Amino acid sequence: MPSRETIRIGANMDEKSGSDSKKIDWREHHAHQPYAGDKRGYEDYVPAYHSAQAAFAKHRGKKFEEIEDDLALEYGKHQVGTALPWDEALPAVRSAWDKLGGVISPRDPSRGIRSGM
């Protein structure tokens, strides 16, 4: 059964303490994502958001394209029962990665979620 917890992804992670100075509530913003449709809810995407957060912590400073194949393998290894297949999870993972890496700015409404919504 998917987790009912709310995933908060830190946009500005303090490298020493790991604390987040700015958090995004993905549960609150999930429905506004371009990949979120009528068939899948937030809980279906929780493993994808977790994967992005873990990958960003491990591969900070790299481009998504550099780690995408490794990330897909890791996601497949740790896919829990009802987790989305990689091809469906990929847009959510990418959106979270971009937000964590600062690729999506608060003024870029065309991609992913924006802080301050």
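Trainee: Why are α3 and α4 called oblique to each other?

Mentor: This is a predicted model, and the answer comes from its helix axes. The axes of α3 and α4 cross at roughly 135°. Roughly antiparallel needs an angle over 145 degrees, and roughly perpendicular runs from 65 to 115. The value of roughly 135° fits neither class, so α3 and α4 are oblique.

Trainee: How near do the axes of α3 and α4 come?

Mentor: They come within 11 Å. Two packed helices are described by the angle between their axes and the distance between the axes.

Trainee: In which hand does α3 pass α4?

Mentor: The crossing is right-handed. On the α3 side the contact is made by F64, E65, I67, E68, L71, A72 and Y75. On the α4 side it is made by W86, A89, L90, V93, R94 and W97.

Trainee: Now the other pair. What makes α2 oblique to α4?

Mentor: α2 and α4 pack at an angle of about 40°, with their axes 8 Å apart. Roughly parallel requires under 35 degrees, and roughly perpendicular starts at 65. About 40° falls in neither range, so α2 is oblique to α4. The crossing of α2 and α4 is right-handed.

Trainee: Which residues of α2 and α4 make the contact?

Mentor: From α2, the residues include Y45, Y49, Q53, F56 and H59. From α4, they include E88, A92, W97, L100 and G101.

Trainee: Why is the aromatic pair of F56 and W97 called edge-to-face?

Mentor: The structure holds five aromatic pairs. F56 and W97 form one of them, 5.4 Å centre to centre, with 75° between the planes. Pairing needs centres within 6.5 Å, and edge-to-face needs planes over 60 degrees apart. Both conditions hold, so the pair is edge-to-face.

Trainee: What does the pair of F56 and W97 tie together?

Mentor: F56 lies in helix α2, residues 42-59, and W97 lies in helix α4, residues 86-101. The pair therefore ties together parts that are 41 residues apart in sequence.

Trainee: How do you know that F56 and W97 are buried?

Mentor: Buried means under 20% relative accessible area. F56 has 7%, and W97 has 4%. Both values are under the cut-off, so both residues count as buried.

Trainee: What makes the pair of F64 and W97 edge-to-face?

Mentor: Their ring centres are 5.8 Å apart, and their planes stand at 65°. The centres lie within 6.5 Å and the angle is over 60, so the pair is edge-to-face. F64 lies in helix α3, residues 64-78, and W97 in helix α4, so this pair ties together parts that are 33 residues apart in sequence. Both F64 and W97 are buried. Ring pairs link F56, F64 and W97 into a cluster.

Trainee: H59 is in helix α2. Is H59 buried or exposed?

Mentor: Its relative accessibility is 16%. That is under 20%, so H59 counts as buried. Leaving aside residues up to four places away in sequence, H59 touches I67 and W97.

Trainee: Where does K63 lie, and why does K63 count as exposed?

Mentor: K63 lies in the loop between α2 and α3. Its relative accessibility is 56%, and exposed means over 50%, so K63 counts as exposed. The C-alpha atoms of K63 and G101 are separated by 8.9 Å, with the two positions 38 residues apart along the chain counted as their separation.

Trainee: How do you know that S51 is buried?

Mentor: S51, found in helix α2, has a relative accessible area of 16%. The cut-off is under 20%, so S51 is buried. S51 touches L71, Y75 and V93, not counting residues up to four places away in sequence.

Trainee: Which residues of the largest nonpolar core touch the most other members?

Mentor: Y49, L71 and V93 do, out of 23 residues. α2, α3 and α4 each supply at least two residues of this core. The largest share, eight residues, comes from α2. Beyond four places in sequence, V93 touches A48, S51, A52, F64, L71 and W86.

Trainee: What is the overall pattern along the sequence?

Mentor: The protein follows β-β-α-α-α-α. Buried residues make up 38% of its 117 residues.

Conventions. Residues numbered from 1 in each chain as written. Predicted model: local features only at pLDDT ≥ 70, side-chain atom pairs only at ≥ 80, totals over all residues. Heavy atoms only, no water. Phe/Tyr/Trp six-rings, centres within 6.5 Å; stacked < 30°, edge-to-face > 60°. Helix = DSSP H or I, 4+ residues; strand = E, 2+ residues; numbered from the N terminus. Buried < 20%, exposed > 50% of the residue type's maximum accessible area, 1.4 Å probe, protein only. Core = buried A, V, L, I, M, F, W, Y, C linked by side-chain atoms within 4.5 Å. Contact = heavy atoms within 4.5 Å. Axes fitted to C-alpha atoms, helices over the stretch in contact; angles between N-to-C directions. Left-handed = near helix turned anticlockwise from the far one by under 90°.
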